[in-house]
Amino acid sequence: MRGYDLDLLRYLQVLLEEESVSSAAKRLNISEPAMSRNLAKLRAVFGDPILIQSGRRMTASSFAISLRDRVQMVVRDADRLIEARAVTDLSKLSLRFTIRANDLIVATLGRPLLKALREECPNCTLTFAPEIDDPANDALRRDTIDLYIGATDSLTSEIRRQTLFRDQMRGLVRQDHPIFDTPITPNTLTQYNYISVSRRGRARGPIDAVLKETYGLTRNVVLTVPTYHAMIENMRETDMILPLPGIVLDHISVRKLGLAVFDFPFLLPPITAYQAWHPRWDTEPTHRWMRETLFRVAKQCWGKDRVVPEDYIEPAFRP
């Protein structure tokens, strides 16, 4: 492989992630003609087109897709070998991080995370961007956000992610709800109306799938809201059921609000939430410090039983 160097491999990594010569050139701050020349070199080295025209856009060849994970790993390992930068004195830095997360995450993690970051970096600021329909992987690619925290499965393969916690849905009702008068069964669950929490307006989810596929039952979702906060105070005045993750219920004064919690009488898929970032930030010292601090705070906020081991990094994800 004469004429081959690490920079050429880095060009390959970015071309495979962006699937666009112009986007790859912009990301690496070089001209489009220069990136086109590098693509030509890569095609000669590997004897493969690497990127193929598909309509108005380009897509990676099947051979190139098979290389993507290994290329990312090699480049990351090389970056670690030559990494000379170290966070020696955070107190002298003015760092700003932008994290996209839903209100559930912000409510439990926002204040303690900022406190932990500012203990080491007093000039650090934190912005929580709202969840929107713009795909998280696009925002991570464009650097409009530094980190995504959530449970979406729509991330592309190059996005790195680390699981933060796994949790279960439970039911929230008023304290003297009639559901407690008899044993809670799949049949009794369908006798009451439900509230669904979804910023996309989705009324159905895993609970409905289990009820339908296992028991042939359907629940009645009569109200769908984008966030759970507005409904908490109203639950003591209704017989409706509000399913919520355990981490939310742990931070609600359930008894003081005249409310009660119950477990669903069947196994539901766990809720898996993670922090996700673009691989370009894998070894950048301040970004890594922020991720490590977030993981540590998550363990304090959500409990060791919910948070997975710190060294567990999700493998490359394919939708």
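**Salt bridges and the largest pocket**

A search of the whole structure, which is a predicted model, finds 14 salt bridges. Three of these pairs are described here, followed by the largest pocket.

In one pair, the side chains of Glu 18 and Arg 27 meet in a salt bridge, with a nitrogen-to-oxygen distance of 3.0 Å. The two partners fall into separate classes of accessibility: Glu 18 counts as buried because its relative accessibility is 14%, under the 20% that marks the buried class, whereas Arg 27, at 21% relative accessibility, counts as partly exposed. 

A further salt bridge is formed between the side chains of Glu 19 and Arg 57, at 3.4 Å from N to O. This pair links distant parts of the chain, since Glu 19 lies in the loop between helix H1 (6–18) and helix H2 (21–28), while Arg 57 belongs to strand E2 (residues 57–60), and the two are 38 residues apart. Arg 57 has a relative accessible area of 46% and is therefore partly exposed, as the exposed class begins over 50%.

The side chains of Asp 208 and Arg 204 also meet in a salt bridge, with 2.8 Å between N and O. Asp 208 is buried, with a relative accessible area of 10%, whereas Arg 204, with a relative accessible area of 47%, is partly exposed. Beyond such single pairs, salt bridges that share partners join Glu 17, Glu 18 and Arg 27 into one network.

The largest pocket has a volume of about 1500 Å³. Its lining is made up of 50 residues, and those that lie nearest the centre of the pocket are Asn 102, Ala 151, Val 197, Ser 198 and Ile 271. By residue class, the lining divides into 27 nonpolar, 14 charged and nine polar residues.

Several elements of secondary structure contribute to this lining. At least two residues each are supplied by helix H5 (103–120) and helix H8 (206–215), and likewise by strand E5 (147–150), strand E6 (160–167), strand E8 (193–197), strand E10 (242–245) and strand E12 (271–277). The largest share of the lining, four residues, comes from E12. Of the residues nearest the centre of the pocket, Ile 271 falls within the range of strand E12 (271–277), and Val 197 falls within that of strand E8 (193–197).

How values were computed. Residues are numbered from 1 along each chain as its sequence is written. This is a predicted model: local features need pLDDT of at least 70, side-chain atom pairs count only at pLDDT 80 or more; totals for chains, interfaces and linings use all residues. Side-chain values use heavy atoms; hydrogens and water are left out. On a 1 Å grid over the protein atoms alone, a cavity is a set of points where a 1.4 Å probe fits but cannot get out, and a pocket is an open set with protein on both sides within 12 Å along at least five of seven lines; lining residues have an atom within 4 Å of a point. Grid points are joined across faces, edges and corners, and a volume is the space filled by probe spheres set on the points. Ala, Val, Leu, Ile, Met, Phe, Trp, Tyr, Cys and Pro count as nonpolar, Asp, Glu, Lys and Arg as charged, and the others, Gly among them, as polar. A salt bridge is a side-chain nitrogen of Lys or Arg within 4 Å of a carboxyl oxygen of Asp or Glu. Buried means under 20% relative accessible area, exposed over 50%, partly exposed in between (1.4 Å probe, protein chains only).
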